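Work through the exercises below with the sequence and the model at hand. Each task is followed by a solution in steps.

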Amino acid sequence: MLTTRTTLLLTLLFLAPVVTAQENLQSRVGEAIARAADGDLDRVWEIGRTIVEFGDVDQEDALARAITTAATDSSELGRLAAAFALREIAEGSVFGKELFEILEPVCRSEDPTHRAAALQMLGDEGLFNRRLLPDVAKILRENVDSELLDPMVRLAATRSLWEIGSDEDRRKAKDTMLEFVRSRNRTIRVDAALALAEINTDSHGPGWDVLRDIAEEPSPEGRLARAYIERENQMREAQARIRRLMLGTMSTDGEDSFGVLRELLVRAHAQHIRGESFDDERLIESAAKGLTSSLDRHSTYFTSDEFQRFFFDLNREYAGIGAFVAFDRDGDFSITRPIYSGPAYRNGLKSGDKILQVDGWDTHGHTSEEIISRLKGEPNSNVTVQIFRAGLVDPEDITIEREQINVPSVNSELLPGNVGYLELVTFAQNTAEECRKHLRALQEQGATSFVLDVRNNTGGYLLAARDVVELFVPGRKLVVYTQGRDEEERMDYATRDRAVVPDAPLAVLVNGFSASASEITAGALQDHGRAVIVGERSFGKGSVQSILPMRSMPGEDFDDKNKNGQWDEWEEYTDRNGNGKYDVGAHVKLTVARYHLPSGRSLHKELDSDGRILNPDWGIMPDFEIDLRETSPDLAWKNAEIFRLYRDGKLQEYVKQKFPDHQKQFLEIANGDGGDTSLYPEFDEFFAGLDTHLQKDDVRRWLRYLIRDEVADLRGKAYPGGRAVGDFQEDAQLQMAVSQLLREHGEDIRDVPEYGPILKLTFAADGSAEPAPKKG
């Protein structure tokens, strides 16, 4: 029997190695940073690289803390070494705040070499989130504007300001570079000319005269100047081809290539039955869409409004109260669900709350766009909403301080069997960072295997897919490569040894709507043997698009108060066309390359002119193929009957009436009811009153879906997915994935009590699972 003293001793022995490891890491980092004080910049970068090697992949957070702590009281060169190391281990803007705090004192150093190095390290927009970027830009502007500083310092600040600043900052940076090009100091003149060439500025400017002067020199600067001049010549030729195209001079028979378009515009106005109702802008938009769609099915032309919506899907951030909103069944503008990390939820707003007024302005009779524009506003400003909900005698006014809202692109849940489930809604800028946080949280909850769900995820940023894959793949391995139309236009994207879950069993769920970045993620994990793929064949989009602004229809000027490079709802703008709203300008999305997985395979579905598939191996083929249909096609009447009950509001009425008195019971049902209708208060009486041919289990399932929506506010977290998708009780694809993961642990899903009564799988003699027959 263990005594208290023995137990205490064992506890101390268990804890001692952990404490020692942390102290050892802190000591090694501190010693390395101290050594930097005795060297030059080359020595600083060498020490920085050494520090990066101190921590394993799963020690990045501990290493970052050690670097930050050691840098606090270190020399300027020590801070530079610390910042270099922190940049190397940073993932997105994870350590941006710490990096800025380390570099800020050096950015005011009396030593121009140290100061220039610090300012140069700030020139990476991806390291800093939107809240921090204005502070970074401010210190860069201070160094650019100070004419008494060493030109080397100002030039370093100028280059970084160009990289992370607003349009106004870029103009300032360019003007400052042009000023340096005219310097009498040859070194400064050359550095400024190379900087101007790097940002693709006008080839007729004075910087190019400097480059042409040094192009034949056998020096690094000369070689770089030659490369820039060659690139510029290629760009000028490409622009000339575009100009010839726009002027219609590329026709081989001398006819006006754009005559057809002009004639069609005239005929549409003069001869179409509704010709007087069309304007040229609308017709040209339609022509532009027709042109781009004829190139391939993924190239497209965006009007200003379309691009604004598209941009938000990939950059899910705005300033406001933090809520999903829409008109409800009664025609009232309501909260469909608050964002649980946002100010609306913290101030007591709930799903279903009707928003009657915004700052005394009636919402009745106005569009969603008009109401939402009033809910949004400058961060830290107040907005008062008048709301009404069941149980209130009179409407209630609630004042909310607006915040910068990040709309989540990742949702997660710990499933029975210690399976961590992550739903990726899209591949946005912050998706990998969100995914990383969810993985850490699931690990802390006890997850030992993971499901990554990219069903219905149509893609997003290619780099976001690379960043997600590297959370699961250790080392430095190819994720995807893109190939343009020329052989030398190949770009490789590889992991950077940043795995959070390098070896835990992993499954990826895909379906016919998983496309692009989703397919890159699933395919790379499949190629590296890192994950089992479950579900249905993916969409088959293996092409890469670039999004380009249309110079002929540019965005309107605006006052970029927060210096984030994009218009926010609360910022003033020049309404050039007088339509009463900000126009970001038209954009075109053009296919510029194809992507290939590590094995070299292309997933793109190739079609001939008649729409026939040319390559039978398109898309991601699941290792375990299973569909999600809840009923067989010959029983479609069930879906129609459910829709009737839903349309009539009978299911919703039951949940609304029972919820106030059965909140704890409903929360348990939402988490799992085992298919047992007796858990639902007065279910039999309710079912009898429906007068339906549906089975009790059909009604139970849909009631539970509604209950899961209702209790989200209660638990302060939405359930991932929607309806059957992501629900371990009803999602056969998810059950198959969990079954495969548990088998890797030597376990059987049938032995986990929560799955037993509701499994949609059948099992062979060896314990392997397969889809059960669809319900009748």
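**Exercise 1. A pair across the chain**

Task: Decide whether Asp527 is buried, partly exposed or exposed, and find which side chain Asp527 meets in a salt bridge.

Solution. The model is a predicted one.
- Step 1: The relative accessible area of Asp527 is 26%. Buried means under 20% and exposed means over 50%, so Asp527 is partly exposed.
- Step 2: The side chain of Asp527 meets that of Arg601 in a salt bridge, with N to O at 2.8 Å.
- Step 3: This pair links distant parts of the chain, 74 residues apart. Asp527 is in helix α20 (residues 517-527), while Arg601 is in the loop between β18 (587-596) and β19 (624-625).
- Step 4: Arg601 has a relative accessible area of 25% and is partly exposed.

**Exercise 2. A pair within one helix**

Task: State where Arg701 and Asp697 lie, and classify each by its relative accessibility.

Solution.
- Step 1: Both residues lie in helix α25 (residues 696-715). Arg701 and Asp697 are 4 residues apart, about one turn of the helix.
- Step 2: Their side chains meet in a salt bridge of 4.0 Å, N to O. The cut-off is within 4 Å.
- Step 3: Arg701, at 6% relative accessibility, counts as buried, whereas Asp697, at 21%, counts as partly exposed.
- Step 4: Arg701 and Asp697 belong to a network of salt bridges that also links Lys638, Asp673, Asp698, Arg700, Glu730 and Lys760.

**Exercise 3. Salt bridges in the whole structure**

Task: Say how many salt bridges the structure holds, and give the distance between the closest N and O atoms of Asp748 and Arg750.

Solution.
- Step 1: Side chains of opposite charge can pair when their charged atoms come close.
- Step 2: The structure holds 44 salt bridges.
- Step 3: In the salt bridge of Asp748 with Arg750, the closest N and O atoms are 2.7 Å apart. Arg750 is partly exposed, at 39% relative accessible area.
- Step 4: The protein has 95 positive and 135 negative charges, and the mean positions of the two sets are 1 Å apart.

**Exercise 4. Positive phi outside glycine**

Task: Locate Ser516 and Arg723, and give the phi of Ser516 and of Arg723.

Solution.
- Step 1: Ser516 is in the loop between β15 (506-510) and α20. Its phi is positive, about 55°, although Ser516 is not a glycine.
- Step 2: Arg723 is in the loop between α25 and α26 (732-744). The phi of Arg723 is near 55°, again a positive value in a residue other than glycine.
- Step 3: Ser516 is buried, with a relative accessible area of 10%, but Arg723 is partly exposed, with 32%.

**Exercise 5. A serine in a helix**

Task: Is Ser160 buried or exposed, and which residues is Ser160 in contact with, leaving aside neighbours within four places in sequence?

Solution.
- Step 1: Ser160 lies in helix α8 (residues 151-164).
- Step 2: At 2% relative accessibility, Ser160 counts as buried.
- Step 3: With those neighbours left aside, Ser160 is in contact with Leu119, Gln120, Leu122, Gly123 and Leu140.

**Exercise 6. The overall fold**

Task: Count the helices and strands, and compare the radius of gyration with the globule rule.

Solution.
- Step 1: There are 26 helices and 21 strands in the protein.
- Step 2: The radius of gyration is 30 Å, close to the 28 Å that the globule rule gives for 776 residues, so the protein is as compact as a globular protein of that length.
- Step 3: Of the 776 residues, 46% count as buried.

Terms used:
Residues are numbered from 1 along each chain as its sequence is written. This is a predicted model: local features need pLDDT of at least 70, side-chain atom pairs count only at pLDDT 80 or more; totals for chains, interfaces and linings use all residues. Side-chain values use heavy atoms; hydrogens and water are left out. Helices (H or I, at least four residues) and strands (E, at least two) are DSSP runs, numbered from the N terminus. The radius of gyration is taken over C-alpha atoms; the globule rule is 2.2 Å times the number of residues to the power 0.38. Buried means under 20% relative accessible area, exposed over 50%, partly exposed in between (1.4 Å probe, protein chains only). Lys and Arg count as positive and Asp and Glu as negative; His and the chain ends are not counted. The place of a charge is taken as NZ of Lys, CZ of Arg, CG of Asp or CD of Glu. Contact means heavy atoms within 4.5 Å.
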